[in-house]
Amino acid sequence: MSEAEKIQMVDLYGQYLGMRDEIDNAISNVIASSSFIRGDEVKRLEGELADFIGVKHAVTCGTGTDALMLSLMASGLERGDEVIMPAFTFAAVAEVVLLLGGVPVFADVDESTFNIDPESVDRMVSARTKAIVPVHLFGQPCDMVSLTDIAARNNLVLIEDNAQSFGAVCRMPSGHDVFAGAVGNIGCTSFFPSKVLGCFGDGGAVFTDDDKSAELIRALANHGQYKKYTHEYVGVNSRLDTLQAAVLRAKLPHVPLWIESRRAAAKYYTENLMDVPQIKLPTEMPESTHVYHQYTLRVSPESRDGLKDALAAAGIPSMIYYPSALFEQPAYRDKCLRDPMADSCQILTRSVLSLPMHSELTHEQQDRVIEAVKFYFSDKD
């Protein structure tokens, strides 16, 4: 099998080939200017990101994890403050809370959407709670109507982790559609290469309508200084370099089309796998759009690993996002609180399996994946 015929979880090179001239010109222009740090492309990107998401301010930074850290720093997180987050997600949120001296509080998730369960969040609010950080997992926003209500009732900061759902939309009770990342007090995203909008390295951004928060986050990301060599705060060095900003500017106009392609691929999977009773397909909620950062099946724990091995034997990659709940991780186990009723997150760790998903995926490639899934279960009948 040639390299071109191989199925990949994410086809970054194929995406590049589709816009090679734009990317190459963008990079060449930065090299010609030799303004590699805080060049004009960074400021232009921030304006374009803010316009795209529909917020007043976008502040770029070094990584999506940094975006979360800067948001919590700007929110005044103090030692011992509690931050509620999902137990089923990547570790970045828990990591930055602990590094800042806070206490991660793990809420359960909904088995159908994989997203944080508002009822679990409500149970875990205490006098020490400072913030809620919902993670819009796999491309679908959380129930932001319920979470906004909980945050407002308890005077909590609502920080959205939108690293996996850039371009997804929340349908609000007002009748307005709002992009994920623009609903809470602050939104965060990652530009890791595999994301819906990814650069050629690490990168991140913070979104907010609050002028003071944006100004503070910008200073915190620049060694705590508004003016050079005058340090108002203990800050960090977290900046998006100009080359990455140029790549992202070239890619940003393509995002709506890429999302259409991902949604079309997801629809094709769903239409052709719905007759396999041994798997549960992703659920799309009516109050939001799904951009399918991942296409994640639920499979019985007895079959999940066998299916993964069978796909691998057929030359088809798949991934388990995520193999354990965060409160089970050694680094966090004794430093966190958790909803004692949280069991859906543990069920998911034993049953989820993500299939290849990207905007360059062809029906021919998907047919091979679909055939392999069906063959595995037909062999079990």
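This section describes the overall dimensions, the main sheet and two loop residues of a predicted model.

The protein has 381 residues and a radius of gyration of 21 Å, which agrees with the value near 21 Å that a compact globule with 381 residues would have. Along the principal axes, the C-alpha atoms fill a box of roughly 70 × 55 × 45 Å. The secondary structure comprises 13 helices and 15 strands. Of the 381 residues, 54% count as buried. The exposed surface of the protein is about 16700 Å², and 51% of that surface is supplied by carbon and sulfur atoms. Among contacts with a sequence separation of 6 or more, 72% are made by residues 24 or more positions apart.

Eight of the strands form an open sheet with mixed pairing, in the order 1-9-8-5-4-2-3-14. Strand 1 (57–61) and strand 14 (337–338) stand at the edges of this sheet; each has a single partner strand, so one side of each is left without a neighbour in the sheet. Helix 3 (residues 40–53) packs on the sheet, where it touches strand 1 and strand 9 (204–208). The direction of helix 3 makes about 130 degrees with that of strand 1.

The pairing of strand 1 with strand 9 is antiparallel and extends over five bridges. Within this pair, A58 has F207 in strand 9 as its bridge partner. Although strand 1 is an edge strand, four of its five residues are buried, and the strand is described as mostly covered. Helix 8 (residues 211–220) also lies across strand 1, together with strand 8 (186–190) and strand 9. Helix 8 runs at about 15 degrees to strand 1. Strand 1 is thus in contact with helix 3 and is crossed by helix 8.

Elsewhere in the sheet, strand 2 (residues 82–86) and strand 4 (residues 129–132) run parallel and are joined by three bridges. In this pair, V83 stands opposite A131 of strand 4.

Two loop residues were examined individually. H358 is located in the loop between strand 15 (352–355) and helix 13 (363–378). The relative accessibility of H358 is 2%, and the residue therefore counts as buried, the limit being under 20%. Two polar contacts involve the side chain of H358. In one, the side chain reaches the backbone oxygen of Q8 at 3.3 Å. In the other, a polar atom of the H358 side chain lies 3.2 Å from the backbone nitrogen of E360. When residues up to four places away in sequence are not counted, H358 touches Q8, M9, V10, D11 and R262. Q8 thus appears both as a contact of H358 and as the residue whose backbone oxygen the H358 side chain reaches.

E232 is found in the loop between strand 11 (230–231) and helix 9 (242–251). With a relative accessibility of 47%, E232 counts as partly exposed, whereas H358 counts as buried. Leaving aside neighbours within four places in sequence, E232 is in contact with G224, Q225 and Y226. E232 and L216 are 16 residues apart in sequence, and the distance between their C-alpha atoms is 9.9 Å.

Terms used: Residues are numbered from 1 along each chain as its sequence is written. This is a predicted model: local features need pLDDT of at least 70, side-chain atom pairs count only at pLDDT 80 or more; totals for chains, interfaces and linings use all residues. Side-chain values use heavy atoms; hydrogens and water are left out. Two strands pair if DSSP finds at least two bridges between them. Contact means heavy atoms within 4.5 Å. Axes are lines fitted to C-alpha atoms, for helices over the stretch in contact, and angles run from 0 to 180 degrees between N-to-C directions. The radius of gyration is taken over C-alpha atoms; the globule rule is 2.2 Å times the number of residues to the power 0.38. Buried means under 20% relative accessible area, exposed over 50%, partly exposed in between (1.4 Å probe, protein chains only). Accessible areas come from the Shrake-Rupley method with a 1.4 Å probe; for residues, only the protein chains shown count as cover. A polar contact is a pair of N or O atoms within 3.5 Å; within protein, one must be able to donate a hydrogen and the other to accept it, and residues adjacent in sequence count only if both atoms are side-chain atoms.
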